[in-house]
Amino acid sequence: GLVGSEMCIRDSNMSDTYFRKLFFDRFHEAPSVYLLNLRLSYAEKLLSTGRYSVVETAFMSGFNDAKYFSRVVKQRYGYPPSKLFVHHARAKEILE
C-alpha cells in the first residue's frame, strides 16, 4: 500500500507536483525529508527510553526495514541506533 508522502498526496486530491510545491513552500523541505525527520525524531525518543530494541523501534517509527533504519540512523547521527541511547544518557549526565 501507499505510505508516507504518497498517501498524503493521494488524500489531498492534488497533483504530485503541486502538492510537493505547496509543501516545500510551507515547510522548506520535501515531504519525504520531512517525514524522515519526524520518524527519526520519534525513533530517537523511543530508543532513549531504553524500553525497545532497535528492530521494535524501527517498525514503531514507520520503517519497514530495520537494516535500512540502522543505516539511516548511522548516517544522520554518526553511530548506530544501538548506541543512540548510550549517547543520550551521557549527554544528559553532562548537562545535569
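How many helices and how many strands make up the secondary structure of the protein? In this predicted model, the tally is six helices and zero strands, and the order along the sequence reads simply α-α-α-α-α-α. Of the 96 residues, 22% count as buried. The accessible surface comes to about 6800 Å², with carbon and sulfur atoms taking 57% of that. As for contacts with a separation of 6 or more, 35% of them link residues 24 or more positions apart.

Turning to the interior, the largest nonpolar core is built from eleven residues: Leu40, Ala43, Leu47, Ala58, Phe63, Ala66, Phe69, Val72, Val73, Tyr79 and Leu84. Helices α3 (31-49) and α5 (66-77) each put in at least two residues, and α5 has the largest share of this core, with four. Val72, one of the core residues, touches Leu36 and Leu40 once its neighbours within four places in sequence are set aside.

Then there are the charged side chains. Two salt bridges turn up across the whole structure. One pairs Asp16 with Arg20, at 2.8 Å from N to O; both residues sit in helix α2 (residues 16-27), four residues apart, or about one turn of the helix. The other joins Lys21 to Asp25, at 2.6 Å from N to O, and here too the partners are four residues apart in α2, about one helical turn.

What about exposure? Asp16 is partly exposed, at 37% relative accessible area, and Arg20 is also partly exposed, at 29%. In the other pair, Lys21 comes in at 46% and Asp25 at 45%, so Lys21 counts as partly exposed, and Asp25 does as well.

Methods. Residues are numbered from 1 along each chain as its sequence is written. This is a predicted model: local features need pLDDT of at least 70, side-chain atom pairs count only at pLDDT 80 or more; totals for chains, interfaces and linings use all residues. Side-chain values use heavy atoms; hydrogens and water are left out. Buried means under 20% relative accessible area, exposed over 50%, partly exposed in between (1.4 Å probe, protein chains only). Contact means heavy atoms within 4.5 Å. Accessible areas come from the Shrake-Rupley method with a 1.4 Å probe; for residues, only the protein chains shown count as cover. A nonpolar core is a set of buried Ala, Val, Leu, Ile, Met, Phe, Trp, Tyr and Cys residues joined through side-chain atoms within 4.5 Å. A salt bridge is a side-chain nitrogen of Lys or Arg within 4 Å of a carboxyl oxygen of Asp or Glu.
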